[in-house]
Amino acid sequence: MRILVYLGHPAHFHNYKNTIAALKAHGHEVEVLIKKKDILEDLLKNAGIPYHNILEEGRKNSKLGIMLGLLKQTWRINQFCNRFHPDILTGSSVENSWIGPLRGLPVINIGEDDASVVPSYAKLTYPGASVILCPRSCDCGKWNYKAVKYPGYQELGYLHPENFTPDKEVVRKYFDPDKPYFIMRFSGLNAHHDVGIRGINNDIAKRLVQMMTPHGNVFITSERPLEAELDQYRIAINPLDIHHVMAFAGLYIGDSQTMAAEAGVLGVPFVRFNDFVGRIGYLNELENKYKLGFGIKPDEEEKLYQTVQTLLEMDDRKAAFQERRGIMLSECINFADFLTNYIETYPVKKKR
């Protein structure tokens with residue numbers, strides 16, 4: 001089978017990297033297309049995965065820039081299809097859902113955000129998708145009839161224990177992992193679905209750092225500029241190493257959805273603080289069903305400090321959260337295996 005994988009974001013690399021390797025090992029022809037987006041190209045290069053960049057010039061981060069970029073990307077993916085002749089398209093992209101119906105090709109879309117959280121993406125993508133693979137907790141709105149829901153999370157495609165083993169020696173490249181430490185992550189909150197979303201501001205961050213430093217070292221990764229008082233805690237970590245660093249942390253605090261989920265499936269307690277709290281099904285499940293983290297809204301600032309303080313003073317924190325992780329893993333699947341099998345067994349038209 002000829003399979004075209006389109007990756008439009010660094011997170012998509014993690015979602016697909018093990019599936020790409022498995023599909024190739026099973027004898028399928030796999031081509032990977034990308035657009036220029038943050039560290040996506042570096043991730044692929046470091047992992048040794050061949051790819052084609054269809055938007056090397058990048059695009060402007062404005063409504064007009066995004067739309068022009070979509071049109072360019074769609075045109076170039078379609079041109080690539082003229083040469084590659086794929087049997088199936090897969091990814092988390094609008095473009096596949098436009099090209100697939102025009103060419104009579106099935107489109108396997110993966111996602112984990114509820115349609116109400118990413119309404120523009122859902123309206124542009126789901127009508128043309130053949131199927132939407134998503135966690136059982138995800139609500140695809142009026143496109144639920146297209147959804148194939150599985151027990152688990154996309155993060156278990158690369159952080160399931162069958163796919164990932166934390167290595168302290170990787171962490172030692174940056175600092176001593178035997179000393180207690182905590183990770184903080186500040187998102188840029190500048191994506192199209194982040195408009196009007198509040199997160200951790202500098203004043204809140206400084207108070208959290210003051211609370212944590214008596215208990216261990218604090219390391220910050222941030223997509224936005226930091227004040228000097230916070231910048232001293234900033235650390236640059238190779239994106240391929242970040243999950244090793246996360247796995248041995250005592251606590252994760254941030255306003256990033258994906259990193260919160262990654263911490264949760266690793267059994268590291270997470271505290272996320274933003275306006276998305278309560279609105280995203282898979283994170284609600286991690287927080288409310290498995291008790292692996294805490295979502296706190298920006299209007300509940302004191303609750304944030306109380307929650308963090310309680311976690312810092314929890315003597316059996318590591319053991320308790322690893323036990324909760326074990327329960328979660330017993331009820332969830334390895335998403336990479338599921339995605340690989342779904343693509344391989346999807347019925348496609350035989351070419352003459």
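How do the residues of the lining of the second largest pocket divide into nonpolar, polar and charged? The split is 11 nonpolar, 3 polar and 6 charged, where Ala, Val, Leu, Ile, Met, Phe, Trp, Tyr, Cys and Pro count as nonpolar, Asp, Glu, Lys and Arg as charged, and the others, Gly among them, as polar. The model behind this is a predicted one, with local features needing pLDDT of at least 70, side-chain atom pairs counting only at pLDDT 80 or more, and totals for chains, interfaces and linings using all residues. Residues are numbered from 1 along each chain as its sequence is written, and side-chain values use heavy atoms, with hydrogens and water left out.

The second largest pocket itself has a volume of about 430 Å³. Of its 20 lining residues, A247, F248, A249, G250 and K318 lie closest to the centre. A pocket here is an open set of points on a 1 Å grid over the protein atoms alone, where a 1.4 Å probe fits, with protein on both sides within 12 Å along at least five of seven lines; lining residues have an atom within 4 Å of a point. Grid points are joined across faces, edges and corners, and the volume is the space filled by probe spheres set on them. Helix α13 (residues 317–331) gives the largest share of the lining, 4 residues; helices are DSSP runs (H or I, at least four residues), numbered from the N terminus.

Helix α13 also packs against helix α10 (residues 257–266), at an angle of about 95 degrees and with the axes 8 Å apart. Axes are lines fitted to C-alpha atoms over the stretch in contact, and angles run from 0 to 180 degrees between N-to-C directions. α10 is therefore roughly perpendicular to α13 (65 to 115 degrees; under 35 is roughly parallel, over 145 roughly antiparallel and the rest oblique). G264, V265 and L266 of α10 meet Q322, R325 and M328 of α13, contact meaning heavy atoms within 4.5 Å. This contact has 3 nonpolar, 2 polar and 1 charged residues.

Then there are helices α1 (residues 10–25) and α2 (residues 40–47), packed at about 30 degrees with their axes 8 Å apart. That makes α1 roughly parallel to α2. P10, F13 and H14 of α1 touch L40, L43, L44 and A47 of α2, a contact with 6 nonpolar, 1 polar and no charged residues.

Helix α3 (residues 63–84) meets helix α4 (residues 94–103) at about 45 degrees, their axes 9 Å apart, so the two are oblique to each other. By class, their contact has 7 nonpolar, 4 polar and 2 charged residues.
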